[in-house]
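I opened this notebook to record what I looked up, going from the strands to the helices and then to single loop residues. The entries are kept short.

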Amino acid sequence: MGKKVLVLSASPRKGGNSDLLCDQFLLGAQEAGNQTEKIFLGDKKIGYCTGCEVCYDTHKCVQKDDMVEILEKIIVADVIVMATPVYFCTMNAQMKTLIDRTVPRYEEITGKEFYFIVAAADSSKESMERTLEGFRGFTLCLNDAIEKGVVYGVGAWHKGDIHGSKAMHGANEMGKSV
C-alpha cells in the first residue's frame, strides 16, 4: 500500500496554472499506487488567525470553519503538496492563511514529506525563491519535515498557459516518485 498524499491547492481559480500542476502531480502519485486527495482551498472557509492565543493552551482554534477538518487531514497524511500561484514574489493569501491556522496543532505535523508547487508569470526560477523561503520557514517549524521536491511553473501568466510545459511533465514525474 502506498502513502497518503494530500495536495493543498491555493489557486483562486480551478484549472489555474498551479492547480493544473497539482492535478498532474496527483495523476503521477496515483499511478505509483498512492492514496491521494486534493483540497481546493477556494472551496473552503478558512478565517484569518486573530492571534488570540487560546490555542496555545487548548490546541484548538476558537474559529468554527473548515480548518479543523483540513488540519486533521494534514496530520494523518504522509506526503503534503503545497501549491500556490506566486503573487508579487510570494505565496498568495489563501496559502499563507492556511499555514497560519496550523498553529493549534502544528507540533503534530511531524515526519512529513513536502513537495512545493509554484506557478508564476515570470520566466525565472529565481523570482520564486521568496515563495519557497516562506514554505521552508513553515516546514522549519515542524518536526522532521523533509523537502522532497519543487515544481517550478514558470512563464504562466494566463489561465492554462502551463499546458504543454516542462513543469506539467515534471509535476507528473515528481508525483510518480512519491
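In these entries I take contact to mean heavy atoms within 4.5 Å. I also note at the outset that the model is predicted.

**Entry: strand 1 and its partners**

I began with strand 1, which is mostly covered, five of its six residues being buried. Following its pairing, I found that strand 1 and strand 2 run in the parallel sense and are joined over six bridges. Between these two strands the chain passes through helix 1, and the β-α-β crossover that results is right-handed. For individual bridges I looked up lysine 4, whose partner in strand 2 is glutamine 35, and leucine 8, whose partner in strand 2 is isoleucine 39. Strand 1 also runs parallel to strand 3, to which five bridges join it, and there I found serine 9 standing opposite alanine 83 of strand 3.

**Entry: strands 5 and 6**

I then turned to strand 5 (residues 113-119) and strand 6 (residues 146-153), which pair in the parallel sense over seven bridges. The chain goes from strand 5 through helix 5 to strand 6, in a β-α-β crossover that is right-handed. Among the bridges I picked out isoleucine 117, whose partner in strand 6 is valine 151.

**Entry: helix 1 against helix 6**

At what angle do the axes of helix 1 and helix 6 cross? I read the crossing of helix 1 (residues 17-31) and helix 6 (residues 166-176) as roughly 35°, with the axes coming within 6 Å, and the crossing is right-handed. On the side of helix 1 the residues that meet helix 6 include Leu20, Leu21, Gln24, Phe25 and Gly28, while on the side of helix 6 they include Ala167, Met168, Ala171, Asn172 and Gly175. Sorting the residues of this contact by kind, I have nine nonpolar, four polar and two charged. As a reminder to myself, an α-helix has 3.6 residues a turn, so residues three or four places apart point the same way.

**Entry: what covers helix 4**

In helix 4 (residues 93-100) I listed the buried residues, which are Met95, Thr97, Leu98 and Ile99. Their cover includes strand 1 (4-9), helix 3 (67-76), strand 3 (79-87), strand 4 (90-91) and helix 5 (129-140).

**Entry: leucine 41**

Is leucine 41 buried or exposed? I first placed leucine 41 in the loop between strand 2 (35-40) and helix 2 (55-58). The relative accessible area of leucine 41 is 5%, and buried means under 20%, so leucine 41 counts as buried. With its neighbours within four places in sequence left aside, leucine 41 is in contact with Ser9, Ala10, Ile46, Ile70, Gln94, Met95 and Leu98. Two of these names had already come up in helix 4, where Met95 and Leu98 are among the buried residues. For isoleucine 70, which lies 29 residues from leucine 41 along the chain, I noted a C-alpha separation of 9.4 Å.

**Entry: phenylalanine 88 and cysteine 89**

Most residues other than glycine have a negative phi, and with that in mind I checked the loop between strand 3 and strand 4, where both phenylalanine 88 and cysteine 89 are found. Phenylalanine 88 has a positive phi of about 50° without being a glycine, and cysteine 89, again not a glycine, has a positive phi of about 70°. As for accessibility, phenylalanine 88 is exposed, with a relative accessible area of 84%, whereas cysteine 89, with 31%, is partly exposed.

**Entry: serine 123**

My last entry concerns serine 123, whose place is in the loop between strand 5 and helix 5. Its relative accessibility is 63%, and the cut-off for exposed is over 50%, so I enter serine 123 as exposed. Once its neighbours within four places in sequence are left aside, serine 123 is in contact with Val154 and Gly155. I also looked up arginine 13, which is 110 residues from serine 123 in sequence, and the two C-alpha atoms are 21 Å apart in space.

Notes: Residues numbered from 1 in each chain as written. Predicted model: local features only at pLDDT ≥ 70, side-chain atom pairs only at ≥ 80, totals over all residues. Heavy atoms only, no water. Axes fitted to C-alpha atoms, helices over the stretch in contact; angles between N-to-C directions. Helix = DSSP H or I, 4+ residues; strand = E, 2+ residues; numbered from the N terminus. Left-handed = near helix turned anticlockwise from the far one by under 90°. Nonpolar A, V, L, I, M, F, W, Y, C, P; charged D, E, K, R; others polar. Buried < 20%, exposed > 50% of the residue type's maximum accessible area, 1.4 Å probe, protein only. Pairing = 2+ DSSP bridges. Right-handed = clockwise from strand over helix to strand, strands pointing away.
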